[in-house]
Amino acid sequence: MNSKSYTLDGIGEVVVRKHHQARRITIKLRPGEPPRVVIPQLMAFDRGFQFAVEKRDWIADHLPQMDAALKSTIYDEERPFSTRYHMVRFRRCQTRCVQAVKADGGYEMRFPADTDFSSAQVQRQIRMFLTELLRHEAKVYLPDRVAKLAAAHGFRYNQLNVKNVHTRWGSCSARNNINLNICLMTLPEYLSDFVILHELCHTVHKNHGPQFHALLDSLVGGNEKRLDKELNKYKIQI
Ligand SMILES: [Zn+2]
């Protein structure tokens, strides 16, 4: 036996697990899973649980963040995912392994009948597929779109890179290399154009000074502030 479950007052299930590489006791929290205490192979399970008892306040503080992370990002049969071009549905059916197939002009990810969509592993599999789909769409769509907008407004840029980062929609380097987030493919086109124009304006003005804003605002019909607000409602995350 390598792990043992306990019940901790005010927390619920806590799992104590022995690990051959563990040198000391640690607690691990992951979305959708009970807190896990990892202990060295030769330590008694009860000692691991005692550690969780001592750290109860810390666990109670951090567990809600984990649950919040899970709640905001769960995909299941009722909650499909949309890119600008495809709807991705998730379905349980008679299949042995997870597969993604084209269906109804979009995609269907099929899971074995006993799949639990609340499991962190299933959500990871879904997210990996969605990331690849967005990356593919972004690589097909963004180079043309950026070239077109640059030509229409007389901007010149060096390289375009498509990235998956969680902090920003785009950036523009000192050498005028433009980086754009694959999550632009989850936005309506006018908002992704707004991000692209923002970065193209940085090829002329490197900071966010008055001249930068005047230029950008003139390119979006005086709607910069409104578009900024709209953009803030979208998450840069899958
Ligand atoms: Zn900027």
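**Exercises on a predicted model**

Asp228 lies in helix 6 (residues 224-232); helices (H or I, at least four residues) and strands (E, at least two) are DSSP runs, numbered from the N terminus. This is a predicted model, in which local features need pLDDT of at least 70 and side-chain atom pairs count only at pLDDT 80 or more, while totals for chains, interfaces and linings use all residues. Residues are numbered from 1 along each chain as its sequence is written, and side-chain values use heavy atoms, with hydrogens and water left out.

**Exercise 1.** Classify Asp228 by accessible area and relate its position to Phe194.

Step 1. The relative accessible area of Asp228 is 35%, so this residue is partly exposed (buried means under 20% relative accessible area, exposed over 50%, partly exposed in between; 1.4 Å probe, protein chains only).
Step 2. Between the C-alpha atoms of Asp228 and Phe194 there are 8.5 Å, although 34 residues separate the two along the chain.

**Exercise 2.** Describe the coordination of the zinc ion.

Step 1. His198, His202 and His208 each coordinate the zinc ion through NE2, at 2.0 to 2.1 Å. Donors are N, O and S atoms within 2.8 Å of the metal (3.2 Å for Na, K and Ca); water is not among the atoms, so sites may look incomplete.
Step 2. The sequence spacing of these donor residues is H-x3-H-x5-H.
Step 3. With a relative accessible area of 7%, His202 is buried.

**Exercise 3.** Determine the strand order of the open sheet and the helix that lies across strand 10 and strand 11.

Step 1. The order is 9-11-10, with mixed pairing (two strands pair if DSSP finds at least two bridges between them).
Step 2. Strand 9 (160-163) and strand 10 (170-172) are the edges, each pairing on one side only.
Step 3. Strand 10 and strand 11 (residues 178-181) run antiparallel and are joined by three bridges; Gly170 has Leu180 as its bridge partner in strand 11.
Step 4. Helix 4 (residues 189-201) lies across strand 10 and strand 11, at about 160° to strand 11. Axes are lines fitted to C-alpha atoms, for helices over the stretch in contact (heavy atoms within 4.5 Å), and angles run from 0 to 180 degrees between N-to-C directions.

**Exercise 4.** Locate the largest nonpolar core.

Step 1. This core has 45 residues; Phe90, Ile126, Leu130, Leu142 and Leu200 have the most contacts inside it. A nonpolar core is a set of buried Ala, Val, Leu, Ile, Met, Phe, Trp, Tyr and Cys residues joined through side-chain atoms within 4.5 Å.
Step 2. Helix 3 gives the largest share, 12 residues.
Step 3. The core lies between domain 2 (81-131) and domain 3 (133-232), because both give residues to it; domain bounds come from an automatic or database domain assignment.
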